[in-house]
Structures are given as structure tokens and as C-alpha cells.
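Student: I'm new to this one. Can we look at it together, step by step?

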Amino acid sequence: MKIKMPCLKCFTLDGIEEPALSYLELGESNIHEVICTRGHKTLVALTQHKHEVLFEIGAMALADGYPREAIATIAAALERFYELCIRVVSAGQEIPNDQLQAAWRLIDAASERQFGAFVLTMLLWSKESPIVIDNKKPNLPNTSKANTKTWKEFRNAVIHKGLIPPEHEAIEYCELVYTHINELTKKLTSQFEHEWLSQAQKQATEVRQANPEKEIVLFGLPTTLFLARGRQAPDSFRNALTQLNGYRQIYSR
Ligand SMILES: [Zn+2]
């Protein structure tokens with residue numbers, strides 16, 4: 001998935017009122033060198049957390065009619081969100097980075113270990129066992145609770161058994177994840193707003209430190225999860241999808 005981005009230098013350097021579009025392909029790196037059709041080069045750092053990018057790709061998959069792909073990607077987003085919670089709390093507790101890296105290597109290869117680390121990290125920080133959604137069930141129309149899968153059963157059936165869920169069901173499960181991530185984000189940022197932003201800009205900071213001579217432009221995307229933190233936040237995932245349909249032209253193949 002690519003992002004259409006107007007060239008910032010068309011305007012600031014050349015005063016061209018209709019800036020040329022550049023295309024950034026979302027990937028593992030948040031750092032992109034973009035060259036517009038007029039030849040301006042800009043080093044851009046996206047300020048999105050990994051889980052935010054994954055969640056957006058999942059939401060776009062749903063908007064495009066691929067509910068199975070949406071669930072697989074949004075499940076990955078949730079796992080990366082748990083990792084971010086660990087990193088943000090660790091930064092807030094001033095855990096040295098090399099020590100966090102050493103500990104992370106012990107759990108890196110197993111998502112169940114990471115989940116365990118998340119639960120205990122949140123407990124030690126907030127003194128409360130975190131709410132999780134593994135055993136939660138959505139309200140599905142015309143389906144009894146007994147016949148409704150939990151989030152964990154549903155996610156595993158999609159990822160490991162090739163379940164192709166109907167769109168309306170996928171949306172209900174996405175509601176669980178959307179609410180869960182937004183609630184935890186609110187709780188986390190109420191104490192660790194600075195650490196949260198630092199994590200979002202981590203790659204940009206590293207590039208700046210390694211290349212102090214380079215100009216790097218920070219660019220924040222209006223993703224579904226980013227907008228969920230704003231004043232006009234949609235009150236449900238379904239409404240967030242409607243909102244996404246209003247700005248989805250910023251994305252391209
Ligand atoms: Zn340009």
C-alpha cells in the first residue's frame with residue numbers, strides 16, 4: 001500500500017502552488033527518500049507506530065472487501081501494540097535500552113511470551129491486571145453467545161484454519177480490537193505521552209543522530225487509530241470505517 005504525498009519543496013522552494021505528488025510505500029522502515037516529478041528530493045520520516053500502520057492496512061482490506069485479510073492484519077496489529085506498551089512503560093521507568101533489548105531477545109520469537117510480558121508489564125506499572133480481549137465475544141445478530149467464538153478462537157480460525165468470515169462478523173470482531181487498543185492507549189498516554197511520541201519518532205531520531213547534516217521531515221498520517229485519539233474521534237470501528245472512506249484517496253496501490 002502506498003501513500004500519496006504532496007511534495008513539500010514544490011511549494012517552499014519553487015513557490016509552485018500545485019505540488020507534484022510523491023508515493024511512499026508503507027513497509028518496515030518509516031524512513032523514505034521521495035523524489036517528486038520536478039526532481040525535489042525529500043527525506044521523510046513517517047511518525048506512525050507499527051501497530052497503527054498494520055491496523056490501517058487491515059481497515060483498508062475490510063473497506064476493499066477482504067475480511068479475512070483484515071482480521072489477520074488487525075490481529076498482527078494487536079500483537080505489535082502489546083509490544084509498544086512494553087516499550088513505552090519501559091521508557092517511562094527509565095529501563096536502559098540495552099537491557100530492554102536483551103530481555104526482548106528472550107521473548108522475541110514467541111507471541112505467547114510477549115503477551116505474558118505485556119500482562120506483567122501492565123500489572124507492575126498500573127497495579128491492575130490489564131483488560132484483554134482473548135475471551136471476549138462480540139454481539140452477533142441472530143447468533144447465540146454459545147455459538148459465538150471468542151476473539152482468540154476467531155483469530156486462530158482465520159489465521160490457522162483459513163476461515164473466511166462474512167464482512168459483518170469481521171467488523172464486529174474489529175470493534176473489540178479497536179475499543180481495546182483505544183482504551184489502553186488512553187490509559188498509557190495519560191502518564192506516558194512523551195514516551196509514546198518518542199517511540200513514534202524513534203526511527204527519525206536514529207537517522208538524525210547518525211546523519212546530523214541531513215534534513216528530515218516528519219510526516220504524520222491521519223490513520224484510523226491516530227484519529228481515534230482526536231477530539232472528533234468516531235465512537236465505533238464502524239464509524240471509523242466510514243471516516244476512512246472519506247480520506248482513503250490518500251492511499252494508492
Ligand atoms: Zn516537488
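Student: At roughly what angle do the axes of helix α3 and helix α6 cross?

Tutor: This is a predicted model, where local features need pLDDT of at least 70, side-chain atom pairs count only at pLDDT 80 or more, and totals for chains, interfaces and linings use all residues. Residues are numbered from 1 along each chain as its sequence is written. Helices here are DSSP runs of H or I with at least four residues, and axes are lines fitted to C-alpha atoms over the stretch in contact, with angles from 0 to 180 degrees between N-to-C directions. The axes of α3 (residues 67-92) and α6 (residues 151-161) come within 10 Å and cross at roughly 115 degrees.

Student: Which term describes how α3 lies to α6?

Tutor: Angles of 65 to 115 degrees get one shared label. So α3 is roughly perpendicular to α6.

Student: Which residues of α6 make the contact with α3?

Tutor: Contact means C-beta atoms, placed from the backbone, within 7 Å. On the α3 side we find R68, I71, A72 and A75. Their partners on α6 are R155, V158 and I159.

Student: Which strands stand at the edges of the open sheet?

Tutor: Strands are DSSP runs of E with at least two residues, and two of them pair if DSSP finds at least two bridges between them. Three strands form the open sheet, in the order β3-β4-β5 with mixed pairing. Each edge strand has a single partner, so one side is left without a neighbour in the sheet: these are β3 (31-35) and β5 (216-219).

Student: How many bridges join β4 to β5?

Tutor: β4 covers residues 41-46 and runs parallel to β5. V44 stands opposite V217 in β5. The number of bridges joining β4 to β5 is four.

Terms used:
Angles under 35 degrees count as roughly parallel, over 145 as roughly antiparallel, 65 to 115 as roughly perpendicular and the rest as oblique. Two residues are in contact if their C-beta atoms, placed from the backbone, lie within 7 Å.
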